[in-house]
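Biologist: Could you take me on a close look at one part of this model, the place where two of its helices pack together, and then show me how that part sits in the whole chain? I would love one connected walk-through.

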Amino acid sequence: MSPNTIRGMEPLTRQKFHFATSAFARLYGVDHVTASMIDFCYDWSFTDDQAPRDCLKNVDRYFRERWDTSQGSH
């Protein structure tokens with residue numbers, strides 16, 4: 001995904017994308033966020049799904065569960 005693709009997003013979609021990728025950075029470390037994780041965040045940002053906003057622990061759990069489900073993990 002190129003930076004131009006991200007810049008071309010609608011503001012709310014771009015905000016959701018950055019929100020999701022920040023969760024993966026907290027969960028796995030910035031150096032371990034993969035291209036497939038970024039693609040996952042990109043796809044998620046276009047959905048109507050809403051992540052919790054009460055605390056980062058719940059946000060990270062939300063994205064971890066969805067990531068595991070998308071990868072077929074249990």
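Modeller: Happy to! One cut-off will help us along: a residue counts as exposed when its relative accessible area is over 50%, and as buried when that area is under 20%. Please keep in mind that this is a predicted model.

Let's start on the outside of helix 2, where Gln 15 is found. Gln 15 has a relative accessible area of 54%, so this residue counts as exposed. Its C-alpha lies 8.1 Å from that of Ser 45, although the two residues are 30 apart in sequence.

Ser 45 brings us to the packing you asked about. Helix 2 covers residues 11-28 and helix 3 covers residues 35-45; their axes come within 8 Å and cross at roughly 145 degrees. The crossing of helix 2 with helix 3 is right-handed. On the helix 2 side, the contact is made by Thr 13, Lys 16, Phe 17, Phe 19, Ala 20, Thr 21, Phe 24 and Tyr 28. Helix 3 answers with Met 37, Ile 38, Phe 40, Cys 41, Tyr 42, Trp 44 and Ser 45. Sorted by character, the residues of this contact are 11 nonpolar, 3 polar and 1 charged.

Now let's bring in a residue from another helix. Phe 63 is found in helix 4, which runs over residues 56-70. With a relative accessible area of 0%, Phe 63 falls under the 20% limit and is therefore buried. Leaving aside residues up to four places away in sequence, Phe 63 touches Phe 19, Ala 20, Ala 23, Phe 24, Phe 40, Trp 44 and Ala 51. Among these partners, Phe 19, Ala 20 and Phe 24 of helix 2 and Phe 40 and Trp 44 of helix 3 also belong to the contact we just walked through. As for Thr 13 of that contact, Phe 63 is 50 residues away in sequence and 16 Å away in space, C-alpha to C-alpha.

Stepping back, the protein chain has 4 helices and 0 strands. Among contacts between residues at least 6 apart in sequence, 61% join residues at least 24 apart. Buried residues make up 27% of the 74 in the chain. The radius of gyration is 12 Å, which agrees with the value near 11 Å that a compact globule of 74 residues would have. Along its principal axes, the C-alpha trace spans about 35 × 25 × 20 Å. The accessible surface comes to about 5,000 Å², with 52% of it belonging to carbon and sulfur atoms.

Key
Residues numbered from 1 in each chain as written. Predicted model: local features only at pLDDT ≥ 70, side-chain atom pairs only at ≥ 80, totals over all residues. Heavy atoms only, no water. Axes fitted to C-alpha atoms, helices over the stretch in contact; angles between N-to-C directions. Helix = DSSP H or I, 4+ residues; strand = E, 2+ residues; numbered from the N terminus. Left-handed = near helix turned anticlockwise from the far one by under 90°. Contact = heavy atoms within 4.5 Å. Nonpolar A, V, L, I, M, F, W, Y, C, P; charged D, E, K, R; others polar. Rg over C-alpha atoms; globule rule 2.2 N^0.38 Å. Buried < 20%, exposed > 50% of the residue type's maximum accessible area, 1.4 Å probe, protein only. Areas by Shrake-Rupley, 256 points an atom, 1.4 Å probe, with all protein chains shown as cover.
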